[in-house]
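User: Could you take a close look at how the parts of this model touch one another, starting with one interface? Please talk me through it informally, and then move on to whatever else you would look at on the same chains.

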Amino acid sequence: MEDSDSDFLSWDNLIYIADFHEISNERHIALLGGEPTLHPNFVEFVSYLIARNFHVHVFTSGILTDEKLKEACKFLSEMSIEKLSFTCNLNHPDISTTTELDKIDKFLNTFGHLTTPGINLFALDFDISYILKAINIYNLKPHIRVGLAHPIPGEANSTISIEDLPRLAKQFLSFARDLSRLKITFGFDCGMPLCIFSDEQLGVLYKSSNGKLSFKCGPAIDIGPDMMLWSCFPLSNFHKKSIFDFNSLQEVKSFYDEIHTKIRSESGGIFENCNDCIHRDAGLCKGGCIAHLINNVNNEVPTTPKEVNL
Amino acid sequence: MIEQILVTPYNEELLEKLKQKTLVVKTDDQDKIQLIHRGVSKHNKLHAIQLNSPIALSSITFKKEWKNIPLCVYSSEFGGFKNLIPKLDILNKLNIRIFLSSDLKENFTGIRILSSLGIACGLFFGDRPIDWESLNDLMHHAIYSQTNHAPIEPFSYVASNYDTSEYIDYNFVYFNNATRYLHLNEKEQIALCYEDLINRNFISTGVESIESIIHKQEYEYHINSRYDVMLSMNECAFCPAFRICLGKFSEEDDKQNGCQVFFSDFLDAAEHFYKRKNNTGNKLWQL
Amino acid sequence: MAVVIFKAIEKCNSNCIYCDVIKKHQDKIMDYDLLKLIFIRMNEYLLDNHDKNITFTWHGGEVCLLGAEYFKIALDIQNEFCPTTKSRIKHQVQSNLTIINQEIINVFKELGINQIGTSFEPIPKIRGFGIKRDSKAYNHKFMEGIRLLAKNEIRWGVIYVVHKKSLEIPLEIFYYLTNLNINSSPNFNQIKTFGDYKHNLGITGEEFADFLGVIFPVWFKNIDRYPNIQPFARLMRNVRDKEMSLLCETSGECNYEWLYIGPEGQTSQCGRSGDYNVLSYGNLNDYTFEQILNNNNRDLLTDRQSVLPKTDCIDCRFWGICHGGCPLDAYMVNHDFKHKSPSCDALKIFMEKYFEPVTGLYADFMPVKQTISKINIQ
């Protein structure tokens, strides 16, 4: 049995994480990266977790080497969706290379029936029509996971500025009719603010999302190969803790919930009028991604030392 | 007195002479398992078949026909988990205990994998120096982990059988305690433990001599060999964890940082388990 | 209950460095006529005292030097002369186990003995045979002895005498002894070095307390693993559970219960007073058990218990678990019983420095102060 080197999650740590989930009565484990399929033991890890009766969800680009895909096909393609599922973030074909497209094609041909397509919105001129096509071609799950690129405090990454978010809303609404026509639903990932949509737009979205609209932002809990925990991807540099400091996922969640609550109580939401927002008070919207708030704090003169340490 | 179990190689002529005895039959050929089972079941009680596998665990072809055979597999290496994946279904249905050598670090992980998948397993001590820290980690996992997992030996045996007023010999796990197991070879030479068998240190010869062995002074000395450790005044005699180790690692170089630390932690863990088992809490009045 | 320390022989096959009996160079063995008389005397006593029992401790020297035949005769004598009282005589044995054999064990079993008290020392040249104190040979024989006891399912327990060399390795000694026998935990006693002691193994009370103090936290942490280590378990029972459990030397009540009988029928308070030749109560040839157990000399010990709370032990909060300690120790130092024993210091230091800080318990066993009413009659 080959174990992984230090850049990758080790077998022992995977077992610990699985135990940790089991103790927490959590039967769902999501594997992400980087690109999780690059892990030398990817297929073994997934098979192991499934053998332990976990539902495994893999976030992937769908770009796998032929060898890895062949291996995954051999061991995983017969799995039911109750045991294994994928989210494959599909970039627009225009910004993907032919090789990448070829590999994604092979992946979706093999695992399409287990895959939910996703799109990460990081520019305003986005398009989703290619995803609608892919759903049809590869028999993907008729649902699109819509993520919003959030800032990573302390790093320069491509995001849509807060001011431009209403324009993003408008652009997204332009696809609503197609979604309804093709009976494809969508779901927002975390950090989407409610007020960038008008009431009329919200009505349309309500129907297109099967009534499952969410404008929340909270700890998702990521675990790194070094067994460090953080609240979510944008906050991967903040309040990292070792998994060994906790006894259950519930404890971890409480820990990061407390931090989120504290930040939000001190910094409000991403818009100025978040402070007086009745929908935020009612819990309908969290006031956008917390990473924006931390970015704002970091760009200001600190008011208390604690704020700087976030 | 509990009837002693004979640990023997598979030899039809020998088995003929061992009628009515309870046996552990050893083989290194996985293809003979069903044959042995059929052969032994006729006139003997089969305690277990011990397969000393010359190949990695994951390369063994487990068969669904082994379902009702008490099996004990010894393998020097776990092998690739990938090879084991298609066999997990069958493995989970077998009456099996898998032992891997302490010589390979990967085996420690292999044992965790097996245990977490509900397959009873354990570690046997190989020839290379023991990685006491890894062993300690595995012991902690075996005893303290709150997840459902299959027993890991010898930790589970010690934890389950520990009693504050008894010495405990985990060699039972390896069919290697003369109060329960005697070892013999095809020439009917009998030894009190596996090491004696290998070193040709026999206590008697001939199947007919088996009954009289327990009356021999050598037998009494062997089963109470802990007194020899006490007499030798070596480091083991002064070790806090002697009661669960009984001086098995007396040749170890750096005991204070190696086996002594491990066995002291192991003793604490066994005691923790013992207290938990025996702590029934305050008695509630009966309805 | 009367406790008889019976030394039919004071000779020993070992030359333990701290032993007081062997210094007497007493080679005599009690003859069978006297042995018979002792059982007759015990029978008289038990017939006259229906509520009493006798604990009859075979002590030495080394009792096994008497040989199996001697014990068989003792058994026959008991059966013949104590026909109705023998069930109230409980036999005990103290032996070094180095020459015990199956034949002796068989008689012991017939005498109702199912456990034996012994001593052991892992440090070389402390206990051993001959002038050179061959501890290797001694230990070998000892292990033979305990193998035999194990085979016969006879329990045994060790008294460990703490001396100067022990101070270097308290935990090692503790682990060794608990490894040697996990069913019966050791009892740690301070070495007694009175008179012309020449081996430089004596220790102070403070040193003894420090020795115990190294072991005590380990014991307290693992109290279930080592349930009956003494004096720890007894002190816990007294202080935490308020269940008074005291030895002869700390009970203050040994006065009329204990009795030493030597090879020639000479009697004294206990084994140690017999070894030191103090407190003679006469010879069994001349007196009955009743007379010896009520000998006037014993009043000295009773007086001591009323004097000490007003003098040496006044305001001592450990009085109730010490009672001034062993009167013989006090006598050996002061030539007078009406003083506290030097071992009190060890107890006090151990309690204050180790027991109480580790357990968080507080011992309060002050002597009861008697209020004397003064009445003016004029």
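Analyst: Let's begin where chain A meets chain B: six residue pairs are in polar contact across that interface, counting pairs with both residues at pLDDT 80 or more. Keep in mind that this is a predicted model. On the chain A side, three helices each supply at least two of the residues that touch chain B, namely α1 (11-23), α2 (42-51) and α3 (66-76). The biggest giver is α1(A), with six residues. Sort that side of chain A by class and you get seven nonpolar residues, seven charged and one polar.

Those charged residues bring us to the salt bridges, and there are two between chain A and chain B. One to click on is A:Glu71 with B:Lys82, where the side chains meet at 2.5 Å, N to O. As for overall extent, chain A puts 15 residues into the contact and chain B puts in 20. The size of an interface is often given as the accessible area lost when the parts come together. For chain A and chain B that area is about 1600 Å², with 68% coming from carbon and sulfur atoms.

Now swing over to where chain C meets chain B. Here 22 residues of chain C and 24 of chain B take part in the contact. Together, chain C and chain B bury about 2300 Å², and carbon and sulfur atoms account for 55% of it. On the chain C side, the residues that lose the most area to chain B are C:Arg147, C:Ile182 and C:Arg225, which together make up 36% of what that side buries.

C:Arg225 is worth a second look, as this residue also pairs with B:Glu271 in a salt bridge, with the closest N and O atoms 2.8 Å apart. In total there are four salt bridges between chain C and chain B, along with 13 residue pairs in polar contact, again with both residues at pLDDT 80 or more. The elements of chain C that give two or more residues to this side are α4 (135-151) and α5 (170-180). Of the chain C residues that touch chain B, the largest share, seven, comes from α4(C). By class, this side of chain C holds ten nonpolar, seven polar and five charged residues.

If you follow chain C past α4, you reach C:Glu153, in the loop between α4 and β5 (155-162). Its backbone has a positive phi of about 55 degrees, even though it is not a glycine. Is C:Glu153 buried or exposed? It counts as exposed because its relative accessibility is 71%, and the cut-off for exposed is over 50%.

C:His323 makes a nice contrast. It also has a positive phi, near 55 degrees, without being a glycine, and it sits in the loop between α11 and α12 (327-334) of chain C. But C:His323 is buried, because its relative accessible area is 14% and buried means under 20%. One residue that touches C:His323 is C:Gln305, which also contacts C:Gly252 and C:Trp319, leaving aside residues up to four places away in sequence. C:Gln305 belongs to helix α11 (residues 299-307) of chain C and is itself buried, at 17% relative accessible area.

Still on chain C, have a look at helix α1 (residues 32-48). It has 17 residues and reaches 24 Å from first C-alpha to last, close to the 24 Å expected. At its start, a side-chain oxygen of C:Asp31 comes to within 3.2 Å of the backbone nitrogen of C:Asp33. The helix has plenty of buried residues, including C:Leu34, C:Ile38, C:Phe39, C:Met42 and C:Tyr45, but also C:Arg41 and C:Asn43. Among the elements of chain C that cover them are the strands β1 (2-6), β2 (54-58), β3 (89-94) and β7 (258-261), plus the helices α2 (67-81) and α10 (289-293).

Two of those covering elements, β2 and α2, are linked by the loop that holds C:Gly61. Check the backbone there: C:Gly60 and C:Gly61 are joined by a cis peptide bond, with omega about 15 degrees. Chain B has a cis peptide bond too, between B:Glu153 and B:Pro154, with omega about 5 degrees. B:Pro154 lies in the loop between β7 (152-153) and α7 (155-161) of chain B.

Technical notes
Residues numbered from 1 in each chain as written. Chains lettered and ligands numbered in written order. Predicted model: local features only at pLDDT ≥ 70, side-chain atom pairs only at ≥ 80, totals over all residues. Heavy atoms only, no water. Helix = DSSP H or I, 4+ residues; strand = E, 2+ residues; numbered from the N terminus. Expected span 1.5 Å × (residues − 1). Buried < 20%, exposed > 50% of the residue type's maximum accessible area, 1.4 Å probe, protein only. Contact = heavy atoms within 4.5 Å. Polar contact = N/O pair within 3.5 Å; in protein donor to acceptor, adjacent residues only side chain to side chain. Buried area = accessible area lost by both parts, 1.4 Å probe. Nonpolar A, V, L, I, M, F, W, Y, C, P; charged D, E, K, R; others polar.
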